[in-house]
Amino acid sequence: MHILLVEDDEPLALSLAAAMRSRGWRTDVSSRGEPVPASLLRDDYDALVLDIGLPGIDGLETLRRIRAQGSFLPVLMLTARDGVDDRVAGLEDGADDYLVKPFALSELLARIRALVRRHEFRRGESIALAALRFDAGARRAYVGERPINLSARECIVLQYLLLKTGQIVPRDQFAALIPGWDAATSDNALELLMSRLRAKIEPGGVRLRTVRGLGYLLEPAAAA
Amino acid sequence: MNGPADTGSSSLRRTLLVWLLLPLVGLVPLTALLVYGLALRPALDALDHALTDTAVALAQIVEVDRNDRRRVTLPLSEQTARALRADLIDETVFAVGDPQGHLLGGNSPLLALAPAVPAGQWRFFDASLQGRPLHAAAHGHPCGDAGQVCTIVVAETLGKQDAAKRAALLGALVGAAAIALPLVGLAMLAVGRTLRPLQRAAADVESLTPQRLEAVDARGVPREIAGFVHALNGLLARLKLAASAQRAFVSDAAHQLRTPLAVMRVEAAEALAAPHSPEVRTSLERLHAAAERSSHLAQQLLTLARAEGMALDPMLTRQPLDLESLATGVANRWLQPSLDAGQDLGFDLEPAPVAGYSTLLEELLGNLIHNAIEHAGAGARVTVQTRSIAGRALLSVEDDGPGVAADEIEQLWQRFRRGHAARGSGSGLGLAIVADIARLHGASATLAPGESGRGLRVLVSFPLDDSRVA
């Protein structure tokens, strides 16, 4: 994975870059926003981690320039301010996600992975989570190299859960997703579907959690 | 008016009234006396005039002998004498004496009381005859030879005089009252009206709180007091500025802390991932925990500063929100920490519309869940519930942990106060933040044991937002 990290606070930039590199991610660091658009044209990045509070043009302006030159690169914004304004401004200007400092490292890495996964998925590539891999084109799932048998409904549900890895997916969203199901479909039917799916995919090093009263959550079995 | 002003210190009202009414106390009796005198004088003059008329009539009766001009007589018939004495009210007596002082007619003792009066002159005097007070006029009447003077005295009892005095006194008193009473009333009214703006300003100042330092309304306040009110408003503005500067400082400080805290968290987590000796590992774990705690504390301080800032900003308007979707959003952030603490975080959500600030309400719920993580312990079942019941939107977080002793529950709302049996690393700010944010939303927050009798249930009850047409 190739990441561009734009952060002007040197200690934080160094820490984050070291943590990413130790996971085998190629990581480039910039302390300013101005050179970012040119860097994106020159190198093929998988994700951009962009601090909002930068000297010179700030993160939001940098983001506007990137989007203006037609880049769809996944962008995770970092901010030391969590006022309503920052969030709305950042997301409306085309950020894919944001994190408020001081974040947990595991959270940052999980968010970057999720962004990249979603991006790849949109490009019709396969998505992977731990040893679980889902081929979006062929609509087939694998644990390692072994294909697993999924029903059509399980396929839709898994695809959606992979897209939302690390996030709770409320129950009613599944009802809307599955053809023939609606709000009247019982929670029991959904739970039955989930427990079957769980048995099939959890050998792949993932965990499908039930969030009591709310929905379901797919995550790697052990936090990175 | 009851207040500290009454205890020994000077009262503006009393001082004003004293200075306004003191002249009245002196001047009104003086005026009454003057009126009495002025009213009485003509009446007494008229009475004197009646006496002189009688005396003049008597003088016409005095006869001087043609042959012996030293002989003087008073040929007064009984009828004439009765006519002269006739009076409806008073008893009239008279006496006429010859130049030698002998009685020519009338009452002898009265003549003895009369002073010597030169020719053509009058003397008026008061006397007492047989124990009865009289008012008398004495006249020196030239009679006989040149230089001879007869004395004519006419006196009457004081009935008419007394009546005149009573009438004059009554007039004076009524006049004085007619002046004094309206003046006293007007003075009290004027003082009351003058002081009312001051009382209103005082009431305005009384209603101020540290969270609401509004300027006191100076409209309609007299110039002299307006100066005071303006000075007060100046002070309030400076106070407000100082308060917002302090909030800005807390907010800035918390923001500035965030980046170094992020470094600490990242480095501690990375260091923990590598193999270490048990001693170093323990140190790193403590460092990591401290970094997490500091991060949370910075966030809480920021939330408090923001909640206070929002309470003061009249431009901010609440947005229509639903506690149900708010809880769904917050669930993502808090599920992992709750799982890490070995707890089962669950939800029981129904629509509950409120009007509020989403960031603050997310903080409120986050703090409640964090509180459960800190206090309920591993294995606890924590449930977030939203409901709308009887005009209220309810948000509760309940756990089945060890709970809190009943006598400690109220103290938990105070900043930096933690329960006796508290475990974990909470700052004690969490519930104070919950209380602040609830207050800002017109909501009430209560702590009680959980429904099973175990654990703790924090319930925040908001006014239901029914502004949206279904």
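Start by colouring chain A of this predicted model by pLDDT. Among the elements of chain A, select helix α4, residues 84–92: this helix has the lowest mean pLDDT, 56. Then select strand β1, residues 2–6, which has the highest mean among the elements of chain A, 96. Over the whole of chain A the average is 87, and 93% of the residues score at least 70.

Next, go to the sheet in chain A. Select strands β6, β7, β8 and β9; they form an open sheet of four strands in the order β6-β7-β8-β9, with antiparallel pairing. Strands of a sheet pair through backbone hydrogen bonds. Which strands stand at the edges? They are β6 (126–129) and β9 (146–148) of chain A; each has a single partner strand, so one side of each has no neighbour in the sheet. On average, neighbouring strands of this sheet are turned by 25° against each other, direction ignored.

Stay at the β9 edge and add β8(A), residues 140–143. The pairing of β8(A) with β9(A) is antiparallel and runs over three bridges. To look at one residue pair here, pick A:Y142 and its bridge partner in β9(A), A:P147.

Now show chain B as well. Here 24 residues of chain A are in contact with 22 residues of chain B. On chain A, select α1 (10–21), α5 (105–122) and β10 (168–170); each supplies at least two residues of the side that touches chain B. Of the elements, α1(A) gives the most to that side, with six residues. Finally, colour the side of chain A that touches chain B by residue class: 16 residues are nonpolar, four are polar and four are charged.

Definitions and conventions
Residues numbered from 1 in each chain as written. Chains lettered and ligands numbered in written order. Predicted model: local features only at pLDDT ≥ 70, side-chain atom pairs only at ≥ 80, totals over all residues. Contact = placed C-beta atoms within 7 Å. Nonpolar A, V, L, I, M, F, W, Y, C, P; charged D, E, K, R; others polar. pLDDT = per-residue confidence, 0-100. Pairing = 2+ DSSP bridges. Axes fitted to C-alpha atoms, helices over the stretch in contact; angles between N-to-C directions.
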